[in-house]
Amino acid sequence: MFATVAAVGISTLRKVEFEGTHNLLIIAVSIGVGMAPDVAPDLYSRFPDGVRIVLGSPVTSATLIAFGLNLAFNRTRPARTTDDEAEAEKQTRPTSTTPAEYAP
């Protein structure tokens with residue numbers, strides 16, 4: 001069953017856009033934090049019980065980190081649409097109205 005979940009996750013990651021986003025960083029940090037309870041079982045031993053319950057589970061800790069980082073990096077700024085890009089291009093064009101601009 002775990003292999004099926006992992007395969008679906010990998011299939012989903014194939015569709016993710018990595019260029020120009022922080023998605024690779026989000027995935028790397030989430031996997032690292034998710035592995036922490038298994039690699040270092042005593043990592044959260046001095047934390048309060050409520051924190052240990054949440055962060056002590058690899059799935060829960062990785063999910064929370066991925067969700068938080070995604071909100072921080074990708075959801076706090078509006079996505080640029082083609083209309084936005086066209087408007088930005090218009091604003092960067094020279095505003096001079098010399099006849100040379102209208103020459104064929």
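This is a guided tour of the chain, stop by stop, with a selection to make at each stop.

The model is a predicted one, in which local features need pLDDT of at least 70 and side-chain atom pairs count only at pLDDT 80 or more, while totals for chains, interfaces and linings use all residues. Residues are numbered from 1 along each chain as its sequence is written, and side-chain values use heavy atoms, with hydrogens and water left out.

**The whole chain**

Begin with the full chain in a cartoon view, where the secondary structure comes to 5 helices and 0 strands, and where the pattern read along the sequence is α-α-α-α-α. Helices (H or I, at least four residues) and strands (E, at least two) are DSSP runs, numbered from the N terminus. Switching to a surface view, the accessible surface comes to about 8,500 Å², of which 65% belongs to carbon and sulfur atoms; accessible areas come from the Shrake-Rupley method with a 1.4 Å probe, and for residues only the protein chains shown count as cover. Of the 104 residues, 10% count as buried, where buried means under 20% relative accessible area, exposed over 50%, and partly exposed in between (1.4 Å probe, protein chains only). Among contacts (heavy atoms within 4.5 Å) between residues at least 6 apart in sequence, 51% join residues at least 24 apart.

**Leucine 13, phenylalanine 18 and leucine 24**

Next select Leu13, Phe18 and Leu24, which form a nonpolar patch on the surface with about 260 Å² of accessible area together. Patches are made of residues with over 30% relative accessible area and no salt bridge, like charges being joined within 9 Å and nonpolar side chains (Val, Leu, Ile, Met, Phe, Trp, Tyr) within 5 Å. Leucine 13 is found in helix 1 (residues 2–13) and counts as partly exposed at 34% relative accessibility. Phenylalanine 18, by contrast, lies in the loop between helix 1 and helix 2; it is partly exposed at 33% relative accessibility, and, leaving out residues up to four places away in sequence, it touches Leu13, Asn23, Leu24 and Ile27.

**Asparagine 23**

From phenylalanine 18, step to asparagine 23, found in helix 2 (residues 23–39). Is asparagine 23 buried or exposed? With a relative accessible area of 15%, asparagine 23 is buried. Its side chain is joined to that of threonine 21 by a polar contact of 3.2 Å; such a contact is a pair of N or O atoms within 3.5 Å, where within protein one must be able to donate a hydrogen and the other to accept it, and residues adjacent in sequence count only if both atoms are side-chain atoms. Setting aside neighbours within four places in sequence, asparagine 23 is in contact with Val16, Glu17, Phe18, Asn70 and Asn74.

**Serine 30 and threonine 63**

Further along helix 2, select serine 30, which counts as buried at 7% relative accessibility. The serine 30 side chain reaches the backbone oxygen of isoleucine 26 at 2.7 Å, and, not counting residues up to four places away in sequence, serine 30 touches Ala62, Ile65 and Ala66. Now add threonine 63, placed in helix 4 (residues 58–74) and partly exposed, with a relative accessible area of 48%. Threonine 63 and serine 30 are 33 residues apart in sequence, yet 7.1 Å apart in space, C-alpha to C-alpha.

**Serine 57 and glycine 34**

Serine 57 is found in the loop between helix 3 and helix 4 and is partly exposed, with a relative accessible area of 24%. A C-alpha to C-alpha distance drawn from serine 57 to glycine 34 gives 7.6 Å, for residues 23 apart in sequence.

**Tyrosine 44 and phenylalanine 47**

How many aromatic pairs does the structure hold? The structure holds 1 aromatic pair, formed by tyrosine 44 and phenylalanine 47 in an edge-to-face arrangement, 5.5 Å centre to centre with 75° between the planes. Rings of Phe, Tyr and Trp (its six-membered ring) pair if their centres lie within 6.5 Å, and planes under 30 degrees apart count as stacked, over 60 as edge-to-face and the rest as tilted. Tyrosine 44 counts as buried at 13% relative accessibility, whereas phenylalanine 47 is partly exposed at 37%.

**Arginine 52 and aspartate 49**

Finish with the salt bridge between arginine 52 and aspartate 49, whose closest N and O atoms are 2.0 Å apart. A salt bridge is a side-chain nitrogen of Lys or Arg within 4 Å of a carboxyl oxygen of Asp or Glu, and by this rule the count comes to 1. Arginine 52 and aspartate 49 are separated by about one helical turn because they are 3 residues apart in helix 3 (residues 49–55). Arginine 52 is partly exposed, with a relative accessible area of 32%.
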